[in-house]
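Here are my notes on this model, set out as numbered points for you to read beside the coordinates. Please have the structure open as you go.

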Amino acid sequence: LKNVKALINLIEKNEKITVVSDFGKYNTINYDTIFSQNVKIQYLDSNIIGHYLDFSMKKNLLIISKNVVYTNPANTLKADVIELDTITKDTKIFMHNAKKKVNIKSRN
C-alpha cells in the first residue's frame, strides 16, 4: 500500500489513534499491519514520528522504531523504540544500545 492512513479505534474508552505513512503492508487474515517511511501517529495530545511501525491486533501492541520522536505539550522525547499496549496503555521506551540513553527535553 502507498500513502497509507489508518484509524485505530480503542473501544474501551472510545479513543482513536491515527497513523499515516508512505507505505504499508496489511495482513488480511490477522489484520496486523506494518507501516514504513515517514510514520506519524497521533493519539490524544501526543504525536510520535518514526520510520517503522508494527501494529499487531492479536497482541494489542504498537511498536514504533528507528529515529522515534515523541512529543506532547510538556515534553519531547527521542528514542530507538516505543512499545504501546493498546489495552493497558503500558508503554516501554528504550534504546537498542544499552550505552545510549533516551533523550527527554521538557518544554517548561
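1. Read from the N terminus, the pattern is β-β-β-β-β-β-β-β. The chain has 8 strands and 0 helices; helices here are DSSP runs of H or I with at least four residues, strands are runs of E with at least two, and both are numbered from the N terminus.

2. A word on the source before the details. This is a predicted model, in which local features need pLDDT of at least 70 and side-chain atom pairs count only at pLDDT 80 or more, while totals for chains, interfaces and linings use all residues. Residues are numbered from 1 along each chain as its sequence is written, and side-chain values use heavy atoms, with hydrogens and water left out.

3. Now the overall dimensions. The C-alpha trace spans about 40 × 30 × 25 Å along its principal axes. The radius of gyration is 14 Å, which agrees with the value near 13 Å for a compact globule of 108 residues; the radius is taken over C-alpha atoms, and the globule rule is 2.2 Å times the number of residues to the power 0.38. The accessible surface comes to about 7,500 Å², with 52% of it belonging to carbon and sulfur atoms (Shrake-Rupley method, 1.4 Å probe; for residues, only the protein chains shown count as cover).

4. Of the 108 residues, 33% are buried, where buried means under 20% relative accessible area, exposed over 50%, and partly exposed in between (1.4 Å probe, protein chains only). Among contacts between residues at least 6 apart in sequence, 27% join residues at least 24 apart; contact means heavy atoms within 4.5 Å.

5. Which residues have the most contacts inside the largest nonpolar core? They are I17, V19, F35, I41, L53 and I64, in a core of 21 residues. Such a core is a set of buried Ala, Val, Leu, Ile, Met, Phe, Trp, Tyr and Cys residues joined through side-chain atoms within 4.5 Å. At least two of the core residues come from each of β1 (2-10), β2 (15-26), β3 (33-43), β4 (46-56), β5 (61-71) and β6 (75-85). In soluble globular proteins, nonpolar side chains tend to be buried together.

6. I41 is a good residue to click on. Not counting residues up to four places away in sequence, I41 touches I17, T18, V19, S46, N47, I48, L53 and I64. Among these partners, I17, V19, L53 and I64 also appear in the list of core residues with the most contacts.

7. The pairing of β3 with β4 is antiparallel, over 9 bridges; two strands pair if DSSP finds at least two bridges between them. Q42 has N47 of β4 as its bridge partner. The two strands form a hairpin with 2 residues between them, and L44 in the turn has a positive phi of about 50°.

8. β4 also pairs with β5, again in the antiparallel sense, over 8 bridges. I49 stands opposite V69 in β5. This hairpin has 4 residues between the strands, and N60 takes a positive phi near 55°.

9. Two further residues merit a look at their backbone angles. Y31, in the loop between β2 and β3, is not a glycine yet has a positive phi near 70°; at 43% relative accessibility, Y31 is partly exposed. N67 lies in strand β5 and has a positive phi near 55°, again in a residue other than glycine. N67 counts as exposed because its relative accessibility is 66%.

10. The loop between β6 and β7 holds both T86 and T88. Is T86 buried or exposed? T86 is buried, because its relative accessibility is 7%. Leaving aside neighbours within four places in sequence, T86 is in contact with L10, F55, N60, L61 and L62. T88 is partly exposed at 44%, and its side chain reaches the backbone nitrogen of D90 at 3.1 Å.

11. Lastly, I93 lies in strand β7 and is partly exposed, with a relative accessible area of 36%. Apart from neighbours within four places in sequence, I93 is in contact with L77, A79, V81, I82 and V102. Its C-alpha is 9.2 Å from that of K78, a residue 15 places away in sequence.

Technical notes. Polar contact = N/O pair within 3.5 Å; in protein donor to acceptor, adjacent residues only side chain to side chain.
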